[in-house]
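Q: Could you take me through one part of this model in close detail, the charged pairs, and then place them in their surroundings? I'd like the geometry and the burial side by side, in plain talk.

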Amino acid sequence: MNDWPDGWSGDRGNANGRGYGRGSSGAPPEGARVMRHVQRPAPPQHGGVPPQQSRGYDEGYDQQAYDSGYNTGQVYGGQGGNGGQGGDGVPPQGQPYPGHAPNWRRRLKIGSLTLVVVLLAVTIGTYFWADSKLKREVDLSKVIERPGAGEGTNYLIVGSDSRDGMSAEEKKKLHTGSAEGKRTDSMMILHDGSNGPTLISLPRDSDVEIPSFVGSESGKTFPAKGRHTKLNAAYAEDGPELLVRTVEHNTGLRIDHYVEIGFAGFANIVDAIGGVEIDIPKAFKDKNSGADFQAGKQTLDGEQSLAFVRTRYAFAGSDLDRTKNQQKFLAALASQTATPGTILNPFKLYPTMGAGLDTLIVDKDMSLWSLGQMFFAMKGVTGGGGTSMNMPISGSSGGNLVWDKAKVKQLVQQLKNDEKVTVTSDR
């Protein structure tokens, strides 16, 4: 007989579509491929093609001996296989590649995306948390007869002697006294423009005219009477709105934003960042503020910092010398706070922001973004492109410091036009 031995098989079919399986007679035609005898394993349990759907095999083929895995092109244990994988190297459905390495590129992409989402969520959450803590209590819409707006942004920064929220022990420690209400210990105009920031101190003893104004609480209009007084008296008389009105009337410069911080907030910010390093050129002592400093570089804590910026009786120039120390310290505070070590460290960032925002009072239109711009402008005052000065003084009258009107007019014009400030102060 010419039957092929059991376990042999010819090619899938001849030109007529007939296969050379068991029961066929004669030798396979010339060119037909002959498979070597192999031991057929049990059919795999996935997706085999039923015998009745196979094509190219003899119709009389024994279906019980049919190898569905062979029919689908899968070879088990052969040279083309991979330890039980199909001839094309693809494992059965649902089974992993044996020894297949993890897809690190995909994992890295997923990890990076997750990190970005988390950082974005934390940043947005921090922004809204901080924004919600701002005390927007000053209504600049109550200020009447305002000057026209100029280029850049003008902030009126006020340090008040508010003792709100302070215990008797804290008042004693910080040498603040126990006076009721609040007054201004420092006032500064910060101009932020394209020619660098300019910080101008307004001495509390400056001689100013109180203009007509609308009461912040009563809503009643008070006419101008030509009355002159110290600048800090305007704040004591009717609060931030009258102070802004008085500054605008006496300078001709429009104030865009108002920022005020009290004693406790100032000291807490310094302590939150671990102190502020400052160089004190000459030793001084003042029992009124509690100051007792040696000359040289040193790091001041919150209590010492407050004493440093409040001292005036120890200096020959009194309030004028004090304003210079205030400018110097605030620039150092901003410079040492706006660093990666603080901004990127949540254990410093949140206490610092919390300490400042708890006692910070701003105008109703002030955004957290604008506050941040003010802070970085303050840092830039000592960065080489900034300017710091006192309001130009020409003399005194009745104990009040009189501004140099010609210089003040030139200074305001340069600020309005956002030009480089060339005006200087002799004191």
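A: Let's begin with the term itself: a salt bridge here is a side-chain nitrogen of Lys or Arg within 4 Å of a carboxyl oxygen of Asp or Glu. Keep in mind that this is a predicted model. The structure holds 6 such salt bridges.

Start with Arg146 and Glu248, whose side chains meet in a salt bridge at 2.6 Å, N to O. Arg146 sits in the loop between S1 and S2 while Glu248 belongs to helix H4, so this pair ties together parts that are 102 residues apart in sequence. How buried or exposed are the two ends? Glu248 has a relative accessibility of 2%, so it counts as buried. Arg146, at 23%, counts as partly exposed, because the cut-off for buried is under 20%.

Now step to Arg245 and Glu145, whose side chains form a salt bridge of 3.2 Å, N to O. Arg245 is on helix H4 (residues 231-251) and Glu145 is in the loop between strand S1 (135-138) and strand S2 (153-160), so here the parts tied together are 100 residues apart in sequence. Arg245 is buried, with a relative accessible area of 3%, whereas Glu145 is exposed, at 59%. Put the two pairs next to each other and the charges swap sides: helix H4 brings Glu248 to one bridge and Arg245 to the other, with the S1-S2 loop supplying Arg146 and Glu145.

Helix H4 shows up again with Glu237, whose side chain meets that of Arg227 in a salt bridge (3.1 Å, N to O). This pair links distant parts of the chain, with Arg227 in the loop between strand S7 (221-222) and strand S8 (228-230) and Glu237 in H4, 10 residues apart. Arg227 is partly exposed at 38% relative accessible area, and Glu237 is partly exposed, also with 38%. Beyond these pairs, Asp205, Lys230 and Arg312 are joined into one network by salt bridges that share partners.

Next door to that story in sequence is Gly219, in the loop between strand S6 (213-214) and S7. Gly219 counts as partly exposed at 47% relative accessibility. Its C-alpha is 8.4 Å from that of Lys142, though the two residues are 77 apart in sequence.

Polar side chains without a salt bridge to report are worth a glance too. Glu260 is in strand S9 (residues 257-261) and counts as buried at 2% relative accessibility. What does its side chain meet? The side chain of Glu260 makes a polar contact of 3.3 Å with the side chain of Ser160. Thr311, in the loop between helix H6 (302-310) and helix H7 (319-337), is buried at 0% relative accessibility. Its side chain makes a polar contact with the side chain of Ser289 (2.6 Å), and a polar atom of that Thr311 side chain lies 2.7 Å from the backbone oxygen of Ala307. Leaving aside neighbours within four places in sequence, Thr311 is in contact with Phe284, Asp286, Ser289, Ala291 and Arg322.

And the greasy backdrop? In soluble globular proteins, nonpolar side chains tend to be buried together. The largest nonpolar core has 44 residues, and Leu190, Phe293, Phe308, Phe329, Leu333, Leu360 and Leu371 touch the most other members. Leu333 touches Phe266, Ile269, Val270, Ile273 and Val276, residues up to four places away not counted. Apart from that core lies another one, of 31 residues, including Leu202, Leu231, Val247 and Met389. Some of Leu333's partners come from helix H5, where the buried residues include Phe266, Ile269 and Val270. Helix H5 (residues 263-272) is mostly covered, with 8 of its 10 residues buried. Just after H5, Gly274 takes a positive phi of about 85°.

One last feature if you're thinking about open space: the largest pocket has a volume of about 1,400 Å³. It is lined by 46 residues, with Thr337, Met353, Leu371, Gly372 and Phe375 nearest its centre. Helix H10 (residues 368-380) gives the most to that lining, with 9 residues.

Definitions and conventions. Residues numbered from 1 in each chain as written. Predicted model: local features only at pLDDT ≥ 70, side-chain atom pairs only at ≥ 80, totals over all residues. Heavy atoms only, no water. Core = buried A, V, L, I, M, F, W, Y, C linked by side-chain atoms within 4.5 Å. Buried < 20%, exposed > 50% of the residue type's maximum accessible area, 1.4 Å probe, protein only. Contact = heavy atoms within 4.5 Å. Helix = DSSP H or I, 4+ residues; strand = E, 2+ residues; numbered from the N terminus. Polar contact = N/O pair within 3.5 Å; in protein donor to acceptor, adjacent residues only side chain to side chain. 1 Å grid on protein atoms, 1.4 Å probe; cavity = no way out; pocket = protein on both sides within 12 Å on 5 of 7 lines; lining within 4 Å. Points joined across faces, edges and corners; volume = space filled by probe spheres on them.
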